[in-house]
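Here's a quick walk through the ligand site, the nonpolar cores and the cysteines. Have the structure open as you read.

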Amino acid sequence: MSNIGSYDDRIKNFSWSIAEDELGYKDGDIINIGWYCSDRICQMGKGDKIALYHEGFGGKEKSYTFNDIRLAGNTIGTFLRSLGIKAEDRVCLFMDRIPELYLSFLGVLKIGAIVQPLFSAFGDESLYVRLENAGTKAIITQKKHLSKIRKIIDTLPSLEHIIIVDYNKDKQYQNKEVGFILNEADPVEEMNICPTKADSPSVLHYTSGTTGQPKGVRHVHYSLISQYLTTKWVLDLREDDIYWCTADPGWVTGTSYGIIGPWSLGVTLCVLDRGFSAEAWYKFIEKYKITMWYSAPTAIRSLMKAGDEIVKKIDLSSLRHLASVGEPLNAEAVTWSERVFGMPFLDTYWQTETGSMMITNHPGMKIKPGSMGKSFPGITTVLLDAKTYEPITKQGKAGLIAFKPGWPAMMTTYWNNEEKYKEKFINGWYLAGDRAYIDADGYYWFIGRDDDVINTGGHLVSPFEVESALLEHEAISESAVVAKPDEVNMEVVKAFITLKPGYEFDDDTELNIMNFIRKKLSPLAMPQEIEFMENLPKTRSGKIMRRILHAKEWGEEIGDISTLEDD
Ligand code: WTA
């Protein structure tokens with residue numbers, strides 16, 4: 001029997017108080033995610049249970065009990081306080097998936113500061129815009145990422161502390177840089193945990209839109225309620241599970257379900273700090289006897305590509321349940337996983353803004369491969385007409401995915417951008433920005449995004465950010481960035497450019513531009529292909545028409561081009 005039991009009964013009798021009661025929380029109480037994920041589990045008598053199995057890039061293994069992570073959170077939190085970090089200050093985590101990343105997450109939350117995790121492969125420009133927007137006060141990082149921070153520190157007056165977790169005492173460090181080696185610090189047994197309330201800010205995740213700079217999605221401590229319950233009912237985590245979430249905590253999946261969900265349930269988490277390799281991934285499952293695995297469609301398609309033979313050589317019999325998020329999970333991937341693992345990957349749909357799962361396939365339900373599933377109990381989903389924004393009642397008709405606001409993990413604003421936040425609501429609905437249809441059995445089927453944001457391998461990339469960065473390259477005059485179809489990543493970034501006089505387009509220029517973006521933004525944002533054009537298609541008013549370039553890449557009808565400049 002799965003944790004969720006009967007979906008129909010759950011829907012009928014649903015109230016978020018189910019999670020509140022299980023967590024011992026009442027309206028108005030103190031609620032601190034850092035405490036819930038460590039101290040509370042210890043108080044329940046599970047202090048000696050393994051909270052984290054960590055395998056580093058070189059294969060080095062470490063493990064931490066719930067009492068270890070409780071102490072580490074206290075120790076890091078106390079150190080941050082000693083630097084003058086206070087409640088609601090923003091503390092950025094800019095690290096690879098090393099243990100300190102997970103432990104600092106708890107430490108920052110325990111003192112009531114806001115944790116701002118950023119993907120460690122971000123280049124200096126990506127880092128700058130996010131730190132600048134958040135007015136970040138401290139950044140916790142590794143030596144290897146210092147050069148990127150040093151490049152921008154002088155333009156970030158709010159950033160007062162750069163905390164290096166692998167500090168080398170013999171090296172020369174610069175102004176604002178300070179070392180903090182967890183193993184060498186005196187463990188702090190007891191601390192005053194910040195008495196945060198339901199609406200106290202907790203996590204700040206940056207996400208990309210079509211226009212403008214990335215938006216800081218502000219979450220609150222009360223998000224725990226729905227993160228806990230969806231982890232329990234959809235990921236179906238239980239006491240003896242060994243759980244692996246492949247997402248990096250730089251993205252929301254890596255925090256909501258890569259830290260908060262499992263630890264609030266007192267479940268053992270596994271972390272592998274290395275990129276994708278089918279063999280290494282399978283061996284990781286075999287070694288730690290992983291039972292529940294939450295991953296993403298691009299990874300699954302990459303595993304499919306690696307073939308079935310390799311699966312037979314490795315013992316994956318520990319697995320009992322699989323789930324996926326981040327992009328459309330194609331039907332072939334579901335049937336493939338049923339064939340090779342003996343169970344399907346269950347698709348889940350949600351966003352950085354929603355903070356927790358919204359539409360899901362849960363254990364025990366009939367799976368329709370290719371469908372995102374049904375609304376999680378307590379979530380009211382509708383499809384809105386794209387013109388009238390009225391709910392569509394006709395089955396099979398495409399509409400905009402919208403949710404009735406009010407679930408616990410919903411964002412509370414975009415940092416410093418209340419205007420953009422308000423734009424997400426219409427007629428009392430929260431607009432997700434995606435299109436879908438619903439079938440006669442109440443299953444949702446994803447159609448596509450309702451904007452130009454590129455979803456590459458489950459990571460959102462803003463065409464605007466890439467276009468702006470391209471314009472900073474010496475050779476480029478104009479740029480337009482669109483998604484290009486890709487077999488594994490679903491979409492990749494493609495750039496169209498015109499050049500300044502005196503520049504030629506050849507392989508070297510293309511490579512040079514690609515590297516320029518990779519370093520400035522990130523490997524994800526790097527165009528996989530750059531096409532030179534004499535002129536970019538524009539409207540009469542001079543606006544570049546991405547729509548035309550997008551249609552060209554996808555072999556679609558171009559539609560109305562009557563406003564085109566040269567036609
Ligand atoms: C897309 C990731 C299809 C969608 C948790 C959404 C999906 C965006 C699915 C959010 C899915 C996420 N099927 N598309 N199961 N899950 N998406 O904010 O476009 O990084 O709006 O959050 O990814 O991406 P984000």
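## Around the ligand

A residue counts as near the ligand if one of its heavy atoms lies within 4 Å of it. Keep in mind that this is a predicted model. The ligand has 18 residues around it, and D347, T348, Q351, T352 and D434 come nearest. Sorted by class, the shell holds eight nonpolar, six polar and four charged residues.

Which residues make polar contacts with the ligand? Three cases stand out from the list. The side chain of D347 puts an N or O atom 2.8 Å from a nitrogen atom of the ligand. T348 uses its backbone instead: an N or O atom there sits 2.7 Å from a ligand nitrogen. With T352 the partner is an oxygen atom of the ligand, 2.5 Å from a polar side-chain atom. As for cover, the ligand taken alone would expose 520 Å², and the protein buries 97% of that.

Which elements give two or more residues to this shell? They are helix 10 (252-264), strand 14 (345-349) and strand 22 (444-449). Strand 14 gives the most, with three residues.

## The nonpolar cores

A bit of background first: in soluble globular proteins, nonpolar side chains tend to be buried together. Here the largest nonpolar core has 92 residues. The members that touch the most others are F105, L235, Y243, W263, Y294, F403 and W407. Helix 6 (residues 99-110) supplies the largest share of this core, seven residues.

Another core lies apart from that one. This other core has 29 residues, including W336, V340, M343 and F345.

## The cysteines

How many disulfides are there? The count comes to zero. Take C92: the nearest cysteine sulfur belongs to C245 and is 19 Å away, and C92 is in no disulfide. C92 is also buried, because its relative accessibility is 0%, and the cut-off for buried is under 20%.

Why is C270 not bonded to C245? The sulfur of C245 is the closest cysteine sulfur to that of C270, but at 11 Å it is too far for a bond, since a disulfide needs the two sulfur atoms within 2.5 Å. C270 counts as buried too, because its relative accessible area is 0%.

Note on methods
Residues numbered from 1 in each chain as written. Predicted model: local features only at pLDDT ≥ 70, side-chain atom pairs only at ≥ 80, totals over all residues. Heavy atoms only, no water. Polar contact = N/O pair within 3.5 Å; in protein donor to acceptor, adjacent residues only side chain to side chain. Areas by Shrake-Rupley, 256 points an atom, 1.4 Å probe, with all protein chains shown as cover. Helix = DSSP H or I, 4+ residues; strand = E, 2+ residues; numbered from the N terminus. Nonpolar A, V, L, I, M, F, W, Y, C, P; charged D, E, K, R; others polar. Core = buried A, V, L, I, M, F, W, Y, C linked by side-chain atoms within 4.5 Å. Buried < 20%, exposed > 50% of the residue type's maximum accessible area, 1.4 Å probe, protein only.
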